[in-house]
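Visitor: I'm new here. Could you walk me through what we're looking at?

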Amino acid sequence: MNKTGYFTHPDCWKHEMGAGHPECPERLSAIEDRLLISGVGDALDRREAPIAAIADLELAHGRMHVAALRGLTDGLREEIAAGGPQHAQIDPDTSLNVHTWDSALRAAGAALAATDAVMAGELENAFCSIRPPGHHACRDQAMGFCFLNNVAIAARYALERHGLKRVAIVDFDVHHGNGTEDIVKGDQRILMVSFFQHPFYPEGGSRSHASNLVNVPVPAYTKGPQVRELVESHWLPRLEAYKPEMIFISAGFDAHRLDDMGQMGLVEADYAWITQRVKAVAQRHAKGRIVSCLEGGYNLDALAQSVEAHIRVLADL
């Protein structure tokens, strides 16, 4: 049995936000190509993402937010039929096309199916190669390229549907996961640890001082050794003390030194190291259970190579 699952779906390629937008379908293609060329893909249990149930989305999102996204899609179809624009704008950076709703349902569905498979013992861990990403999606607001918060939905799902008592979310995107913070702050069943460039998008960085959050701002041009030090000093003691029964990763690779979206200096070896440290916690306390979901990463080569490094650690390759 290949113990690392790989969840994706063709629908995740159909969402796009216009020519030249950095959060583009080619991101997933670059990952696919790298896994093929490197042979890493052969070691993975490849599975197709299902559509998430609305009731599961509402574990993390308000009912009106979910209904509004669906309604925007229906309205856009009508506008296009009448000769209108191909996209509906949510904010200056974020828009949807007629496929976005289905893509978002598949992205969340991947995280949920991965959770089911890992909880059932079919897989030890899983990587979800999905888009749109999720960690800026707040309980009641889409923003920052994100519509539904895949990791927050899956974390709540593990608690509510699988009866776990404690789960952790690890977020290593260059941008602060403000949406995840909005959803999980104060929920002592979830420990969130992250680092992020600050000051940077989203404005304000971490705004909450809830005791279940370990969100560490770092200045621009921070490199791997400094990040490793803060993981050792801030993340790991809290994770060890918390003893999560499952770990969810918001895997953003835009803190890479070649990624123009941020100004941090990580390289593939740093992502591998972080993954190793998180995996060790999972093996000690969570039977190895990890579900990792793609967030940012916009330099296609750096993204693909960083995902490969991340998956190699998950799969013991």
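Guide: Sure, starting with a term: helices (H or I, at least four residues) and strands (E, at least two) are DSSP runs, numbered from the N terminus. This is a predicted model, where local features need pLDDT of at least 70, side-chain atom pairs count only at pLDDT 80 or more, and totals for chains, interfaces and linings use all residues. Residues are numbered from 1 along each chain as its sequence is written, and side-chain values use heavy atoms, with hydrogens and water left out.

Visitor: How many helices and strands does the chain have?

Guide: Counting those DSSP runs along the chain gives 9 helices and 10 strands.

Visitor: What is the radius of gyration of the chain?

Guide: That radius is taken over C-alpha atoms, and the globule rule is 2.2 Å times the number of residues to the power 0.38. For 317 residues the rule gives 20 Å, and the chain comes close to that, so it is as compact as a globular protein of that length. The value for the chain is 18 Å.

Visitor: How much of the chain is buried?

Guide: Buried means under 20% relative accessible area, exposed over 50%, and partly exposed in between (1.4 Å probe, protein chains only). Of the 317 residues, the buried share is 61%.

Visitor: Which residues touch the most other members of the largest nonpolar core?

Guide: A nonpolar core is a set of buried Ala, Val, Leu, Ile, Met, Phe, Trp, Tyr and Cys residues joined through side-chain atoms within 4.5 Å. The largest one holds 99 residues. Its largest share, 13 residues, comes from helix 4 (residues 100-119). Touching the most other members are Phe172, Trp235 and Phe248.

Visitor: Is helix 5 enclosed or open, and how many of its residues are buried?

Guide: Helix 5 covers residues 150-160. Among its buried residues are Asn150, Arg156 and Tyr157. Helix 5 is largely enclosed by the rest of the structure, because its buried residues number 10 of the 11.

Visitor: Where does Pro132 lie?

Guide: A cis peptide bond joins Arg131 and Pro132, with omega about 0 degrees. As for its place, Pro132 lies in the loop between strand 5 (125-128) and helix 5.

Visitor: Is Phe145 buried or exposed?

Guide: Phe145 is in the loop between strand 5 and helix 5. Its phi is positive, about 75 degrees, although it is not a glycine. With a relative accessible area of 11%, Phe145 is buried.

Visitor: And Lys287, buried or exposed?

Guide: Lys287 sits in the loop between helix 8 (268-285) and strand 10 (290-294). Its relative accessibility is 68%, so Lys287 counts as exposed.
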